[in-house]
Amino acid sequence: MSVTPKLRAVTTYRLKEMKLAGEKIAMLTAYDYTMARIMDRSGIDVILVGDSAANVVAGYETTVPMTLDSMIYHGRSVARGVERALVVVDLPFGTYQGDSKLALQSAVRIMKETEADAVKLEGGSEIIESVERILCAGIPVMGHLGLTPQSINKYGTYTVRAKEESEATKLISDAHLLEDTGCFSIVVEKIPAALGRKVAGELSIPIIGIGGGDVDGQVLVSYDMLGITGEFSPRFLRRYDDLHTRMTDAFKHYIDDVKSCDFPSESERY
Ligand code: KIV
């Protein structure tokens with residue numbers, strides 16, 4: 001009996017081809033099966049199971065409390081709904097920094113227990129041993145530079161990063177280091193557009209921006225771009241709907257129907 005491996009259509013190799021061809025990469029976050037399935041069938045290229053689940057799903061102020069078990073739960077839920085897109089899962093805070101063996105164990109758990117295609121780690125030279133060890137095991141790694149939300153307590157602010165020359169120089173050298181080590185792509189978050197352009201121009205792997213200007217692709221948090229979250233309004237965010245209002249209206253309509261005995265009608269009863 002022969003078993004044909006079932007690779008998703010969008011692979012890390014395909015993303016590099018897209019960059020070469022000048023085709024932009026569209027990436028969004030998802031945390032559950034239903035949303036991931038809709039996104040996948042809409043033709044999204046990459047689905048990121050972001051640790052932003054800590055904010056938009058679990059209601060934490062930062063991503064710091066996110067656990068590996070929670071990421072595995074979200075990753076598994078998403079991967080079950082995706083046939084075509086590349087699925088990337090964030091390694092959460094405390095599961096890869098400072099200990100490359102722990103990093104490998106965390107990444108292996110993600111790959112074995114979720115059926116995702118790759119992992120994402122925040123940081124550059126500080127975490128390079130972890131990146132290297134994970135890559136040595138054959139696990140694809142996406143980097144993440146610029147604003148790295150897991151380090152929010154170090155910086156104390158979510159403002160634009162790498163505006164100073166020294167920070168920009170470090171970001172460029174980190175990007176090269178991640179590429180040379182073998183990362184297949186890098187997310188750049190909240191950095192000046194000119195810096196994003198420079199990094200995308202110098203590297204051959206795709207650079208995906210969130211507030212990173214016109215780079216090789218874009219990523220947004222799905223709850224934000226759908227307008228489910230209302231309060232968060234950074235400059236880089238384009239809202240494609242106002243689901244907060246539409247959901248509130250639907251919930252109120254349902255409550256009114258229940259209270260007024262309009263629901264269930266005769267045709268909605270057994
Ligand atoms: O966790 C997340 O949603 C992310 C994106 C902001 C890139 O890392």
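Okay, a definition to start: a crossing of two helices is right-handed if the near helix is turned clockwise from the far one by less than a right angle. Keep that in your heads, and keep in mind too that what you have on the screen is a predicted model.

So, the first pair. Helix 4, residues 68-80, passes helix 5, residues 100-114, and that crossing is right-handed. How close do the two axes come? They get within 9 Å, and the angle between them is roughly 35 degrees. If you want to find the contact on your own screen, look on the helix 4 side for L68, D69, M71, I72, G75, R76 and A79. Facing them from helix 5 you have S106, R109, I110, E113 and T114. And what sort of residues are these? Five are nonpolar, three are polar and four are charged.

Now the second pair, helix 6 and helix 8. Helix 6 covers residues 128-136 and helix 8 covers residues 165-181. Their axes come within 10 Å and cross at roughly 20 degrees. Angles under 35 degrees count as roughly parallel, so helix 6 is roughly parallel to helix 8. The crossing here is right-handed as well. Who does the touching? From helix 6 it's I128, V131, E132 and L135, and from helix 8 it's L177, L178 and T181. That contact splits into five nonpolar residues, one polar and one charged.

Let's stay on helix 6 for a moment, since S130 sits in it. Buried or exposed? S130 has a relative accessibility of 3%, so it counts as buried. Skip the residues up to four places away in sequence, and S130 touches Y96, D99, S100, A103 and L121.

Pick S100 out of that list. S100 belongs to helix 5, and with a relative accessible area of 10% it is buried too. Again leaving aside neighbours within four places in sequence, S100 is in contact with E129, S130 and R133. So you can come at the S100 and S130 contact from either residue. For a sense of distance, S100 and I44 are 56 residues apart in sequence, and their C-alpha atoms are 32 Å apart in space.

On to cysteines, because somebody always asks. How many disulfides are there? Zero, after a search of the whole structure. Take C136: it is in no disulfide, and the nearest cysteine sulfur, the one in C183, is 12 Å away. Why is there no bond from the C183 side? The closest cysteine sulfur to that of C183 is in C136, and 12 Å is too far for a bond; a disulfide here needs the two sulfurs within 2.5 Å. The surroundings of the two are worth a look as well. C136 counts as exposed, at 68% relative accessibility, whereas C183 is buried, with a relative accessible area of 1%.

Next, some backbone oddities. Which residues have a positive phi without being a glycine? A162 is one of them, with phi at about 60 degrees. You'll find A162 in the loop between helix 7, residues 152-155, and helix 8. A162 counts as buried, at 4% relative accessibility. C261 is another non-glycine with a positive phi, about 65 degrees this time. C261 lies in the segment after helix 11, and at 61% relative accessibility it counts as exposed.

While you're in that segment, scroll along to P264, which is found there too, after helix 11 at 243-259. What kind of peptide bond joins F263 and P264? It's a cis one, with omega at about 5 degrees.

Last stop, A193. This alanine lies in helix 9, residues 193-202. A193 is partly exposed, with a relative accessible area of 39%. Which residues does A193 touch, if you don't count those up to four places away in sequence? G212 and G213. And one more distance for you: A193 and P140 are 53 residues apart along the chain, with 27 Å between their C-alpha atoms.

To wrap up, here's what I'd like you to look at on the screen. There are the two right-handed crossings, helix 4 with helix 5 and helix 6 with helix 8. There's the contact of S130 with S100. And there's the cis bond between F263 and P264. That's me done, thanks.

Key:
Residues are numbered from 1 along each chain as its sequence is written. This is a predicted model: local features need pLDDT of at least 70, side-chain atom pairs count only at pLDDT 80 or more; totals for chains, interfaces and linings use all residues. Side-chain values use heavy atoms; hydrogens and water are left out. Axes are lines fitted to C-alpha atoms, for helices over the stretch in contact, and angles run from 0 to 180 degrees between N-to-C directions. Helices (H or I, at least four residues) and strands (E, at least two) are DSSP runs, numbered from the N terminus. Angles under 35 degrees count as roughly parallel, over 145 as roughly antiparallel, 65 to 115 as roughly perpendicular and the rest as oblique. Contact means heavy atoms within 4.5 Å. Ala, Val, Leu, Ile, Met, Phe, Trp, Tyr, Cys and Pro count as nonpolar, Asp, Glu, Lys and Arg as charged, and the others, Gly among them, as polar. Buried means under 20% relative accessible area, exposed over 50%, partly exposed in between (1.4 Å probe, protein chains only).
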